[in-house]
Amino acid sequence: MRTRWLIPHIAYIALYTLAATGQAPPDPRADAALALIQAAIQSRAAGFYPRAEAQYRQSLVILDEASGPRSSDLIPALNGLAEVYFAEQRYSDAEPLTLRSAALAEATLGPDHPLVATGLHNLAAIYHAQGQYAKAGPLYLRALEIREKSLGPRHPFVAATLVNLAELARAQGDYNQAAARYARALAIREEAFGIQDPRVTETQANYAAVLRKTRRKCVSSPIPAALTIR
C-alpha cells in the first residue's frame, strides 16, 4: 500500500483560514507566496516534481521573510514540499519538514488543532512507508484522536487515518483489526463521497481482501492499497 500525503489544496485553503483568524501577515508578499503554492500544487499534480519543489521552496523564502520562521503561515508550504519529497521517496528530506510543520501548528494553533493532526499523520506515513511500524502507530492514533475531537468522528480525514491504521495492522498480520478499521473508514467514505468514488471502491477492495485473510490465510496477497497522507 502506498502512503498518501496531505491533499495539497487543503493546505492551500488552510493558509486562508489562518488569514481569517488574523494570524496571516498583512504583507502583500503573502499573495505572491499563495500564487506559488497554487502553482506548485498544479506542478505536483502533473508530476513535475522538480518544478513543484522549486515553487514550494520559493514560497517558503517569501513567507519566512514576510511572517517569520515561527509563523503558522509556513505550514502549507512546508507540507507541500514534504509531499513532493514523499512522492519521490526522499523520506529523509520529508521528515524534518513534517516535524517542523507539526511543531509550528502545535505552538501557534494549540495541540488539538486539525493541522497538528495533519503533521502527525504525515510523519507517521513517512515512518510507515519505511517499515518503521512501532514509530508510525502511536502517531496515527494521536492524529486520529485529534481529528475525531476537532472535526467529528465521520469526517473524511478521520477515514484517511483509519485507512492507514488498517494498512499498518494488515502489514503486521493483524487482519481482524485491519478489517475493523477498513469497515469504519468505508462507512465514512460512502457517506461523504458516494459509492462510485474511487476512494470508496479502493477501500471496499482492501476491506474484502483482509476479510479473506481472516478466513483463509493461504490466499494470495491482494494488490496493495495506497496509504493516505493527508
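**Exercise 1. Find what the side chain of Ser43 pairs with, then describe its surroundings.**

Start with the pair itself: the side chains of Ser43 and Gln55 are joined by a polar contact of 2.9 Å. Keep in mind that this is a predicted model.

Next, place the residue. Ser43 sits in helix H2, which covers residues 29-45.

Now check the accessibility. The relative accessible area of Ser43 is 4%, and the cut-off for buried is under 20%, so Ser43 counts as buried.

Finally, list the neighbours. Leaving out residues up to four places away in sequence, Ser43 touches Phe48, Arg51, Ala52 and Gln55. Gln55 therefore turns up both as a neighbour and as the polar partner.

**Exercise 2. Work out how far the confidence of the model carries you, and where it is lowest and highest.**

Take the overall numbers to begin with. The average pLDDT of the protein is 86, and 82% of the residues score at least 70.

Then go to the extremes. Helix H1 (residues 8-20) has the lowest confidence, with a mean of 46, while helix H7 (residues 133-151) has the highest, at 97.

Look at the weak stretches one at a time. Residues 6-22 have a pLDDT below 50, and this stretch makes 32 contacts in the model beyond near neighbours in sequence. Residues 217-224 are also below 50, with ten such contacts.

What do you do with those contacts? Where pLDDT is low, the predicted coordinates should not be read in detail.

**Exercise 3. Describe the largest nonpolar core and say which helix gives it the largest share.**

Size comes before parts: the largest nonpolar core has 55 residues, and Tyr56 and Tyr140 have the most contacts inside it.

Now for the contributors. At least two residues each come from H2, helix H3 (49-67), H4, H5, helix H6 (114-129), H7, helix H8 (156-171) and helix H9 (175-193). H6 gives the largest share, nine residues.

Check H6 for burial. Of its 16 residues, 14 are buried, so the rest of the structure largely encloses H6.

Then check its length. With 16 residues at 1.5 Å a residue, H6 should span 22 Å, and its end C-alpha atoms are indeed 22 Å apart. Just after H6 comes Gly131, with a positive phi of about 80°.

**Exercise 4. Compare the span of H4 with what is expected, then see what follows the helix.**

Do the length first. H4 has 13 residues and reaches 18 Å from its first C-alpha to its last, close to the expected 18 Å.

Burial is next: twelve of the 13 residues of H4 are buried. Among them are Ile75, Leu78, Leu81, Tyr85 and Phe86, along with polar or charged company such as Asn79 and Glu83.

Step past the end of the helix. Gln89 lies in the loop between helix H4 (75-87) and helix H5 (91-109). Its phi is positive, about 60°, although Gln89 is not a glycine. The relative accessible area of Gln89 is 57%, so this residue is exposed.

**Exercise 5. Go through the salt bridges: which ones link distant parts of the chain, and how accessible are the partners?**

Count before you pick: the whole structure holds 13 salt bridges.

Pick Asp112 and Lys149, whose side chains meet in a salt bridge at 3.1 Å, N to O. This pair links distant parts of the chain, 37 residues apart, with Asp112 in the loop between H5 and H6 and Lys149 in helix H7. Asp112 is partly exposed at 30% relative accessible area, whereas Lys149 counts as exposed at 62%.

Move one residue back to Glu148, which forms a salt bridge with Arg184; their closest N and O atoms are 2.8 Å apart. Here too the pair links distant parts of the chain, helix H7 for Glu148 and helix H9 for Arg184, 36 residues apart. Glu148 is partly exposed at 27%, and Arg184 is partly exposed at 31%.

Now try Asp197 and Arg199, a salt bridge whose closest N and O atoms are 2.8 Å apart. Asp197 counts as buried at 14% relative accessibility, while Arg199 is partly exposed at 27%.

End with a network: salt bridges link Glu53, Arg57, Glu88, Arg90 and Asp93.

Definitions and conventions
Residues are numbered from 1 along each chain as its sequence is written. Side-chain values use heavy atoms; hydrogens and water are left out. Helices (H or I, at least four residues) and strands (E, at least two) are DSSP runs, numbered from the N terminus. Buried means under 20% relative accessible area, exposed over 50%, partly exposed in between (1.4 Å probe, protein chains only). pLDDT is the predictor's confidence in each residue, from 0 to 100. Contact means heavy atoms within 4.5 Å. The expected span of a helix is 1.5 Å times one less than its number of residues. A polar contact is a pair of N or O atoms within 3.5 Å; within protein, one must be able to donate a hydrogen and the other to accept it, and residues adjacent in sequence count only if both atoms are side-chain atoms. A nonpolar core is a set of buried Ala, Val, Leu, Ile, Met, Phe, Trp, Tyr and Cys residues joined through side-chain atoms within 4.5 Å. A salt bridge is a side-chain nitrogen of Lys or Arg within 4 Å of a carboxyl oxygen of Asp or Glu.
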